[in-house]
Amino acid sequence: LWGLTGLLGSASVALGSMLWSQQKTESEPLKLVQVLFRHGARTPLKSIPDVLEAQWVPSLLEPPPHTHMNYVVTDLQGGPRPPSVVEDGYRKNILSGGSFPGQLTTMGMQQLYELGERLRKRYVEEKPFLSNTYIPTEVYVRSSNIVRTIESAKCLLAGLFQQKQTATVSILTTDAESEILYPNFHGCKLLKILSGHRWAELSTLPGIAADLQRIQSALGIAAHRHVDFVFIRDDMVARETHGLPCPPALTSWRNKVEQRAVDVMCHIYQPSKRENLQLCVGPLLHQLLDNMEKKLQGSSSASTRKLFLYSVHDTTLIPCLMALGLFDMRWPPYAADLTLELHQNRQTSEPFVKVTYLGQDQLIPGCSGVYCPLQEFKQALSGYTLTSDPYRHLQ
């Protein structure tokens, strides 16, 4: 059903939105852009046990000179960067070859630079919306407090502004307890309990459990080893992306691993159940809507802000796409972007929202068009948004 929804939405968009969008843009000037983007290619979070390990040598992580920007990482109030328990966990282990798990690679840095160039083409060159140079009052940069997302944000900015800046970039983060840029199993005890039950149930689901047993046997992974399809896919895709060898048995299982990893995420996030998605991304969705409202109200802090950048994860984009009714049963690739544009009719002042994913216009279920009236858009998300007070209560 989710795949069908995504396909139908894509087909509807393809049937004529391009010309219509051009006409619409003239009467609905752009007011605000918000981009949620996945970090670039990285080293795996773990290596598959009992399988020939790839060599993750430090030379794979060297920053290209054109991705450099002067930046500082702070907390949300501009103070020192908070501790990162997630990053500390990665640094306790070393992959074969000498690199840490979960680190942005040279290839990943280039991917985000190229995403920045694509945004530059759209919002600087084709549509003179953003300044040619990074100006802090125009751009808000928020990242999860993890090195790969912080570095991804920096590389995107380098591509977007071609390394031109009037000031040091501030990349804002927060502590693990209060993070809303990914499903916060660390800070939200209710989400941890609910998802814990769902993970435990995976071993009882006939198709997934049987396939996992077969792939463990094919790869020679000992039966007592704890692996799952998400974990296997992570190592497999990291190898493929960087041209590192994959065991032949894993290559032959590639499509099944992709399918089952998505099946696992659907089981964990339960897109048919409102509460799970609310706890996963409700506060983030509320933040996006709140940014739009403040822009329309012209509050002093929002009057000059034109771009909000959120450097996030695949585990952020999947539930966001589910809540929007756009998840197409495909894992978001490295550097995937979900962009929300706020437009306002020149004559009537009516606000509209346009959503793109991977650079393609999307038709949100419940919206009357690609340019979705803000009230329709809010209604479409009303079952999933969550303000901070109820979220804290649910924790």
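These legends go with a set of close-up views of a predicted model.

**View 1. The largest nonpolar core and its busiest members.** This core counts 73 residues, and the ones touching the most other members are Leu36, Ile215, Met292, Leu338 and Phe377. Helix H11, residues 274–297, gives the core its largest share, nine residues. Apart from this core lies another one, made of 32 residues, and Phe37, Val73, Leu112 and Leu157 are among them.

**View 2. Leu36 and the company it keeps.** Leaving aside residues up to four places away in sequence, Leu36 touches Leu284, Leu288, Tyr310, Val312, Leu317, Cys320, Ala336, Asp337 and Leu338. One of these neighbours, Leu338, is listed with Leu36 among the core residues that touch the most other members.

**View 3. Helix H7 from end to end.** H7 covers residues 206–219, which makes 14 residues. At 1.5 Å a residue the helix should span 20 Å, and its end C-alpha atoms are indeed 20 Å apart, so the two values agree. Right after H7 comes Gly220, with a positive phi near 75°.

**View 4. The two faces of H7.** Which residues of H7 are buried? They are Ile208, Asp211, Leu212, Ile215, Gln216 and Leu219. Because these residues cover an arc of only 140° around the axis, they sit on the same side of H7. The face turned away from that buried side carries Pro206, Gln213 and Ser217, which are exposed. What covers the buried residues includes three helices: H8 (229–241), H9 (248–252) and H10 (254–269).

**View 5. Asp211, a buried residue of H7.** Look for Asp211 in helix H7. Its relative accessibility is 5%, so Asp211 counts as buried, the cut-off being under 20%. Not counting residues up to four places away in sequence, Asp211 touches Phe229, Trp253, Lys256 and Arg260.

**View 6. The largest pocket.** Here is an open space with a volume of about 1600 Å³. A total of 47 residues line this pocket, and the closest to its centre are Leu45, Phe185, Trp199, Asp228 and Val230. Several helices pitch in with at least two lining residues each: H3 (85–90), H6 (189–201), H7, H8, H10 and H12 (314–324).

**View 7. The largest cavity.** How many cavities of 30 Å³ or more does the structure hold? There are two, and the largest has a volume of about 50 Å³. Its lining is made up of Pro83, Ser84, Val85, Val86, Asn145, Ile146, Thr174, Asp175, Ala176, Glu179 and Tyr182.

**View 8. Asp50 and Gln270, two residues with positive phi.** Asp50 is not a glycine, yet its phi is positive, about 65°. You'll find Asp50 in the loop between strand E1 (30–38) and strand E2 (71–74), and with a relative accessible area of 40% this residue is partly exposed. Gln270 is not a glycine either, and its phi is also positive, about 45°. Gln270 belongs to the loop between H10 and H11. Is Gln270 buried or exposed? At 10% relative accessibility, Gln270 counts as buried.

**View 9. Gly369 in its loop.** Gly369 sits between strand E8 (360–362) and strand E9 (372–373), in the loop that links them. With 12% relative accessibility, Gly369 counts as buried. Gly325 is 44 residues away from Gly369 in sequence, and their C-alpha atoms are 14 Å apart in space.

Key: Residues are numbered from 1 along each chain as its sequence is written. This is a predicted model: local features need pLDDT of at least 70, side-chain atom pairs count only at pLDDT 80 or more; totals for chains, interfaces and linings use all residues. Side-chain values use heavy atoms; hydrogens and water are left out. A nonpolar core is a set of buried Ala, Val, Leu, Ile, Met, Phe, Trp, Tyr and Cys residues joined through side-chain atoms within 4.5 Å. Buried means under 20% relative accessible area, exposed over 50%, partly exposed in between (1.4 Å probe, protein chains only). Helices (H or I, at least four residues) and strands (E, at least two) are DSSP runs, numbered from the N terminus. Contact means heavy atoms within 4.5 Å. The expected span of a helix is 1.5 Å times one less than its number of residues. The arc is that of the directions from the helix axis to the C-beta atoms. On a 1 Å grid over the protein atoms alone, a cavity is a set of points where a 1.4 Å probe fits but cannot get out, and a pocket is an open set with protein on both sides within 12 Å along at least five of seven lines; lining residues have an atom within 4 Å of a point. Grid points are joined across faces, edges and corners, and a volume is the space filled by probe spheres set on the points.
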